[in-house]
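Q: Got a minute to go through this structure with me? I'd like to jump around a bit and ask things as they come up.

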Amino acid sequence: PFGLQLGCREIESLKNSQNPGSSARLEELMEENSRLKYRFNILNRALQEERTRCGHSMLNISQRLQEIFGLAIRTSYPELENPPLALAPNQQPKFGDYQCNSAMAMAQMLKAKGMKANPREIAERIIRNLPDNELIQKTEIAGPGFINIHLKRAFVSKLLSKLLIKGVTPPPLTSRKRVVVDFSSPNIAKEMHVGHLRSTIIGDSMSRLFEFLGHDVLRLNHVGDWGTQFGMLIAHLQDKFPDYLTVSPPISDLQGFYKESKKRFDEDDGFKKRAYQCVVKLQSKEPDFIKAWNLICDVSRQEFQKIYDCLDIKLIERGESYYQDLMTQVVKEAEDRGFAQLDEGRKIIFAPGQSLPLTIVKSDGGYTYDTSDLAAIHQRLFEEKADIIIYVTDSGQSSHFQVVFAAAQMLGWYDPKVTRVEHAGFGVVLGEDKKKFKTRSGDTVRLMDLLGEGLKRSMDKLKEKERDKVLSPDELVKAQRAVAFGCIKYADLSHNRINDYVFSFDKMLDDRGNTAAYLLYAFTRIRSIARLANINEATLRKEAESTEILLDHEKEWKLGKCILRFPEVLQKIQDDLLLHSLCDYVYELATTFTEFYDSCYCVEKDRQTGEVVKVNMWRMLLCDATAAIMAQCFHILGLNPVERM
């Protein structure tokens, strides 16, 4: 379109010219412009036909409309630099399917250049310059200059058929990125608490999203497995289990073991002195002390793994110990390049624009969390070659990560315009009293106890609905786990992660409203429609290749469009990392399906015999497409739906 834009500029100039010889040149240019536009439209149509015919990816309708309108806007007003492109789904279906609201902002830009422009006239010119395309049926101008866009129903029908034939596929991937997601991150010898639960659930879902989109994802568990606390743990282990080198110590209650050693550390100066000596020997990698350290870490890992198994979480552990040798190199680099400065015996780094420094070496010569986080980001950038690094921790750590990222940029390790490094912070979990979530005695809630309570309550709920009378024992247990763990995950993910949220089993397990319980039951009901009609999956696949999905009824049309919004929802989440948008979308899809199913018969039964007498096949395909998208949403959210519930 560059030639078109140059032609448009010269045409506008000649139109305003008083030169008598400009008329012939104007006609010549307009003719050339028409030829260019004709050739461009042919190429554009061929490109779109090829994309639709060959592409295995789901089309992002919003993105495609942005391409079309972006081109029309640039062609119409080549003199505007970075003209605004405001395009969104239309909230009122009677006015069309999407709306372009760029004309008003463009009028302001033109006015600032001293050019008078009416937004409606701008909208008209944009419409005149729309390239030929495969998905717009018609456009209308409304109000001061809104452009209402109506999609072609036949094209939407083709996209739905393609979805059923090819399956739910991610949008086209321009380039495959190396993505590192740092999440969960509990501390060895301490119980995982609800903060770790949030980090684990959110980080897993983000990883699943990037994996589905086709990126190369490294899921890292940056556990706290090094530092001075290991001195007191090892010293306590030596006293309590002196034969630990030959007989594996029976440490079942690691939290209790930690509290005992901490009490001794705080109250006994002799024990504290020994603890510090143990730290030195551990850091010197003396074999007996490494063995003691490994024993303590292994007990913790087993406890963590029970929680990860319940929640179906996959992680690679790389604790602080992994980066010990690299810390020395990072400190040396900071010193050699003149960024490190002495401050009362410690070595610090000040990053540009940051009021607080990073302490990279303590006054006693030891390293800090700052040092290990700098070493970790260095390793991820230079060894992992990460294009995207996401840290999923509570929002209280945002200022710390801001300083770490600023220091890494100052050291020249990455350019934020090229590499995306982001802290995805989250709020705290509150009890129903709106205070920090704790037990009645004021202790931290044990995650295994929390998950156990979820299992108990979900079974009570299933029995209340008398599902135990129709499901086999194996099906009942699957349903119990799907509801219990799905509800805990979904309750977290359905809230904006930045905000605090109230943990309530009663709300989670309510099968009305935007909850996992409602959605899992809705999914099971949709899947049961095909069983009711005695249609198997192979038949549906075959029908998808030959049956046109008619979208004549308003509820069919609404559902079809909602199904196809899936790629644009994923694009939004990839940009802002706010997973509640996916929860809002899958809930909207389920409620839109209910509207469709209440208004459009899919299976007709004989009133006397109850036998199926008629099946509407294209509506059965709409049911199947809805279930397929819901299943993919569930996968990204980490929910495990079951066919029978």
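Q: Which residue is the bridge partner of V603 in β16?
A: In β16, V603 has V615 as its bridge partner. Bear in mind that this is a predicted model.

Q: OK. In which sense do β15 and β16 pair, parallel or antiparallel?
A: Antiparallel, over three bridges, with β15 covering residues 603–605 and β16 covering 612–615. The two strands make a hairpin with six residues between them. In the turn, G610 has a positive phi of about 80°.

Q: Any other positive phi you can point me to? What comes after α21?
A: L577 follows α21, and the phi of L577 is positive, near 60°.

Q: And which residues of α21 are buried?
A: F566, P567, E568, V569, L570, I573 and Q574 are the buried ones in α21.

Q: Switching to charges. How many salt bridges does a search of the whole structure find?
A: The search turns up 48 salt bridges. One of them is between R565 and E588, with the closest N and O atoms 3.1 Å apart.

Q: Where do R565 and E588 lie?
A: R565 is in the loop between α20 (554–563) and α21 (566–576), while E588 is in helix α22 (residues 580–599), so the bridge ties together parts that are 23 residues apart in sequence. At 18% relative accessibility R565 counts as buried, whereas E588 is partly exposed at 31%.

Q: Which residues are joined into one network by salt bridges that share partners?
A: D204, R208, E211, R219, D312 and K314 make up that network. Within that group, the side chains of R219 and E211 meet at 2.9 Å, N to O.

Q: Is that R219 buried or exposed?
A: R219 counts as buried, with 10% relative accessibility. Its partner E211 is partly exposed, with a relative accessible area of 34%.

Q: What does E475 form with R644?
A: A salt bridge, with 3.0 Å between the closest N and O atoms. E475 lies in helix α16 (residues 473–493) and R644 in the segment after α23 (617–637), so the pair connects parts 169 residues apart in sequence. E475 is partly exposed, with a relative accessible area of 25%, and R644 is partly exposed too, at 37%.

Q: Let's do the sheet. In what order do the five strands of the open sheet run?
A: The order is β7-β6-β5-β11-β12, with parallel pairing. At the edges are β7 (316–317) and β12 (420–423), and each has a single partner strand, so one side of each has no neighbour in the sheet.

Q: How many bridges pair β5 and β6?
A: Five, in the parallel sense, between β5 (residues 178–182) and β6 (residues 216–221). As one of the residue pairs, D182 has L220 as its bridge partner in β6.

Q: Which helix packs on the sheet?
A: Helix α13 (residues 369–382) does, touching β5, β6, β11 (388–391) and β12. The direction of α13 makes about 150° with that of β11.

Q: Now the empty space. What's the volume of the largest pocket?
A: About 790 Å³. Of its 33 lining residues, S185, H193, H196, D394 and Q397 are the closest to the centre. The elements that give two or more residues to the lining are α7 (194–212), α13 and α14 (398–410).

Q: Which element gives the most to that lining?
A: α7, with five residues.

Q: And closed voids? How many cavities of 30 Å³ or more are there?
A: The search of the whole structure finds two. The largest cavity has a volume of about 70 Å³. Its lining includes H56, S57, M58, L59 and L564. Also among the lining residues are K162, K166 and T169.

Q: Last one, I73. Where does I73 lie, and is I73 buried or exposed?
A: I73 is in helix α3 (residues 61–76). At 1% relative accessibility, I73 counts as buried.

Q: What is I73 in contact with, leaving aside its neighbours within four places in sequence?
A: With that exclusion, I73 contacts P83, P84, L85, S102, M106 and I126. For a backbone distance, the C-alpha atoms of I73 and I127 are separated by 8.9 Å, and these two residues are 54 residues apart along the chain.

How values were computed: Residues are numbered from 1 along each chain as its sequence is written. Side-chain values use heavy atoms; hydrogens and water are left out. A salt bridge is a side-chain nitrogen of Lys or Arg within 4 Å of a carboxyl oxygen of Asp or Glu. Buried means under 20% relative accessible area, exposed over 50%, partly exposed in between (1.4 Å probe, protein chains only). Helices (H or I, at least four residues) and strands (E, at least two) are DSSP runs, numbered from the N terminus. Two strands pair if DSSP finds at least two bridges between them. Contact means heavy atoms within 4.5 Å. Axes are lines fitted to C-alpha atoms, for helices over the stretch in contact, and angles run from 0 to 180 degrees between N-to-C directions. On a 1 Å grid over the protein atoms alone, a cavity is a set of points where a 1.4 Å probe fits but cannot get out, and a pocket is an open set with protein on both sides within 12 Å along at least five of seven lines; lining residues have an atom within 4 Å of a point. Grid points are joined across faces, edges and corners, and a volume is the space filled by probe spheres set on the points.
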